[in-house]
Amino acid sequence: GVQTCALPISDFSRPRLLLRLGIMIRSETLIPTDSRPGFIFGLAVECQLRPTDAMISPTINVNGTITPAEEARIPVLDRGFLYGDSVYEVFRTYQNVPLFLEDHFERLENSARLIHMRIDQSRDELMSAIRSTARVAGVSAEHPAYVRYQITRGDGQIDLYPEDGLTSRFVVIVKSLPDRKS
């Protein structure tokens with residue numbers, strides 16, 4: 001149904017965020033806001049939740065920069081892009097819990113060892129990135145998610161043999177779990 005709510009102008013200026021939250025703006029009026037620090041004016045809006053099956057928005061985190069999937073960017077000199085020089089794992093969530101995560105990390109690290117790739121990010125850093133991306137995407141207990149995390153060797157010269165000392169890059173992709181085909 002239609003509700004009236006107050007949003008800080010800074011939130012209203014990000015229409016994609018509102019759409020990701022399932023809000024369609026129907027009308028707006030400038031109003032003084034409550035005493036929250038940093039906000040002088042806000043918008044009283046009539047908003048309506050848009051119907052949607054999954055409230056998870058495809059979201060990507062590239063080295064800490066979280067964006068909608070269509071806005072994600074990696075440098076063209078990334079060895080993962082140029083040569084497929086990367087390792088990845090995929091898991092799903094069930095009631096907001098990542099399934100078999102320890103096994104996935106073990107496999108990822110073993111794969112990196114097999115191709116002599118150093119992973120500069122710790123497990124804790126990667127877990128933090130995965131959690132942040134899932135939170136922005138809207139993962140919840142009611143909406144299972146597909147999560148892919150990939151580590152590339154990073155930027156390097158255009159050469160088949162990677163130079164020493166490259167810094168690995170991580171990419172986390174979170175989206176709705178695909179529907180099962182019958």
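Here a biologist asks and a modeller answers about a predicted model.

Biologist: In what order do the 6 strands of the open sheet stand?

Modeller: Strands of a sheet pair through backbone hydrogen bonds, either parallel or antiparallel. Here the pairing is antiparallel. The order is β5-β4-β9-β8-β6-β7.

Biologist: Which are the edge strands?

Modeller: An edge strand pairs on one side only. Two strands fit that: β5 (65-68) and β7 (97-98).

Biologist: Which residue in β9 stands opposite valine 62?

Modeller: Start with strand β4, residues 59-62. It runs antiparallel to β9, and 4 bridges join the two. Opposite valine 62 stands valine 171.

Biologist: At about what angle does α4 run to β6?

Modeller: Helix α4 lies across β6, β7 and β8. Angles run from 0 to 180 degrees between N-to-C directions. For α4 and β6 the angle is about 175 degrees.

Biologist: Which element gives the most residues to the largest nonpolar core?

Modeller: This core has 22 residues. Elements that give two or more are β6 (86-94), α4 (101-114), α5 (123-137), β8 (145-152) and β9 (169-176). One of them, α5, lies across β4, β5, β6, β8 and β9, at about 35 degrees to β9. With 6 residues, the top giver is α5.

Biologist: Which residues touch the most other members of that core?

Modeller: Take tyrosine 149 as an example. Leaving out residues up to four places away in sequence, its contacts include Val87, Phe91, Leu101, Phe105, Leu108, Ile130 and Val172. Two of these contacts, Ile130 and Val172, share the top rank with it. The residues are Ile130, Tyr149 and Val172.

Key
Residues are numbered from 1 along each chain as its sequence is written. This is a predicted model: local features need pLDDT of at least 70, side-chain atom pairs count only at pLDDT 80 or more; totals for chains, interfaces and linings use all residues. Side-chain values use heavy atoms; hydrogens and water are left out. A nonpolar core is a set of buried Ala, Val, Leu, Ile, Met, Phe, Trp, Tyr and Cys residues joined through side-chain atoms within 4.5 Å. Buried means under 20% relative accessible area, exposed over 50%, partly exposed in between (1.4 Å probe, protein chains only). Contact means heavy atoms within 4.5 Å. Two strands pair if DSSP finds at least two bridges between them.
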